[in-house]
Amino acid sequence: CGAAEAGEGSPMAAAAAAAAAATTAQSERHQRLALARQSGRTLTPENMGELMQLLHAGLSADAAVRTPAEATLEEWRELPGYFSLLKEVVVHGEAPLEVRWLGACCFKNGIKRSWRRSQHMNGGITAEEKVHLRTHLLLMLDVLDERIAKQIAEIVGQIARFEFPASWPELIPAIVGRLDA
């Protein structure tokens, strides 16, 4: 590696600067997530408007709007009540369809990362919230929009993989009952 190759403005210097920036950003993200977990904050229905605004901003083509919204959503994923609140956004018929769809995507992707963790681990979902979600998820299968329905079906499948039959014995009877209706 010659001195000219590693000089300021070179591709190698640019790559090193990008790697340093990514490391710094990741460190800052971990610090924000730790603060979110330590805050003891729980998301409630009173946060619905704020969540819908974050999801709407998360759809923006403007990175200056989208990136902070995505960071906040990532922080909120660590808080109790996040998934229950997302569930409410998904079924909220008056919310814009794209906001509901993004809410369903955040729900699905967050479940993949958080369901198996206990509430004492980083980002774990409380036992109470898991019971609430299992109870209400099957009621969400009636969503008419195909994109949202697919997300909900994946959520049910992911949770069933971990919870059925031990913690979710009513899953199959509930699905059969919905098919008979």
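Okay, let me open with a question: is phenylalanine 83 buried or exposed? It's buried, with a relative accessible area of 1%. Before I go on, keep in mind that this is a predicted model.

Quick overview, then. The protein chain has eight helices and zero strands, so if you walk along the sequence you read α-α-α-α-α-α-α-α. There are 181 residues in the protein chain, and 37% of them count as buried. As for contacts, take the ones between residues at least 6 apart in sequence: 63% of those join residues at least 24 apart.

Back to phenylalanine 83, which lies in helix α4. That helix runs over residues 82-91, and it's mostly covered, with eight of its ten residues buried. Which ones are they? You've got Tyr82, Phe83, Ser84, Leu85, Leu86, Lys87, Val89 and Val90. And yes, there's a lysine in that buried list, Lys87. What does the covering? The cover includes α2 (48-58), α3, α5, α6 (127-137) and α7 (146-163).

Now the rings. The count comes to two aromatic pairs. Take tyrosine 82 and phenylalanine 83: their ring centres are 5.1 Å apart and the planes sit at 75 degrees, so that pair is edge-to-face, the cut-off being over 60. Tyrosine 82 is buried as well, with a relative accessible area of 2%. Then there's phenylalanine 83 with phenylalanine 107, where the centres are 5.9 Å apart and the planes are at 50 degrees, so we call this pair tilted. Phenylalanine 107 lies in helix α5 while phenylalanine 83 is in α4, so the pair ties together parts that are 24 residues apart in sequence. Both of those phenylalanines are buried. Put the pairs together and Tyr82, Phe83 and Phe107 are linked into a cluster.

While we're on rings, have a look at tryptophan 115 too. The charged end of lysine 130 sits over the ring of tryptophan 115, 5.2 Å from its centre.

Next up, the pocket. The largest pocket has a volume of about 200 Å³. How many residues line it? The lining has 13 residues, and Glu70, Leu73, Glu74, Cys106 and Arg113 lie nearest the centre. In terms of elements, α3 (63-76) and α5 (97-114) each supply at least two residues of that lining. Which helix gives the most? That would be α5, with six residues. So α5 turns up twice in this talk: it contributes to the pocket lining, and it's part of what covers the buried residues of α4. The same can be said of α3, on the lining and in the cover of α4. By class, the pocket lining is a mix of six nonpolar, three polar and four charged residues.

One last stop, for contrast with that buried cluster. Histidine 56 lies in helix α2, and this residue is exposed, with a relative accessible area of 52%. How far is histidine 56 from glutamate 98? In sequence they're 42 residues apart, and in space they're 8.0 Å apart, C-alpha to C-alpha.

If you want to follow along on the structure, I'd start at Tyr82, Phe83 and Phe107, the cluster linked by ring pairs, and then go over to the largest pocket, with Cys106 and Arg113 among the residues nearest its centre. That's me done, thanks.

How values were computed
Residues are numbered from 1 along each chain as its sequence is written. This is a predicted model: local features need pLDDT of at least 70, side-chain atom pairs count only at pLDDT 80 or more; totals for chains, interfaces and linings use all residues. Side-chain values use heavy atoms; hydrogens and water are left out. On a 1 Å grid over the protein atoms alone, a cavity is a set of points where a 1.4 Å probe fits but cannot get out, and a pocket is an open set with protein on both sides within 12 Å along at least five of seven lines; lining residues have an atom within 4 Å of a point. Grid points are joined across faces, edges and corners, and a volume is the space filled by probe spheres set on the points. Helices (H or I, at least four residues) and strands (E, at least two) are DSSP runs, numbered from the N terminus. Ala, Val, Leu, Ile, Met, Phe, Trp, Tyr, Cys and Pro count as nonpolar, Asp, Glu, Lys and Arg as charged, and the others, Gly among them, as polar. Buried means under 20% relative accessible area, exposed over 50%, partly exposed in between (1.4 Å probe, protein chains only). Contact means heavy atoms within 4.5 Å. Rings of Phe, Tyr and Trp (its six-membered ring) pair if their centres lie within 6.5 Å; planes under 30 degrees apart count as stacked, over 60 as edge-to-face and the rest as tilted. A charge sits over a ring if NZ of Lys or CZ of Arg is within 6 Å of the ring centre and within 35 degrees of the ring normal.
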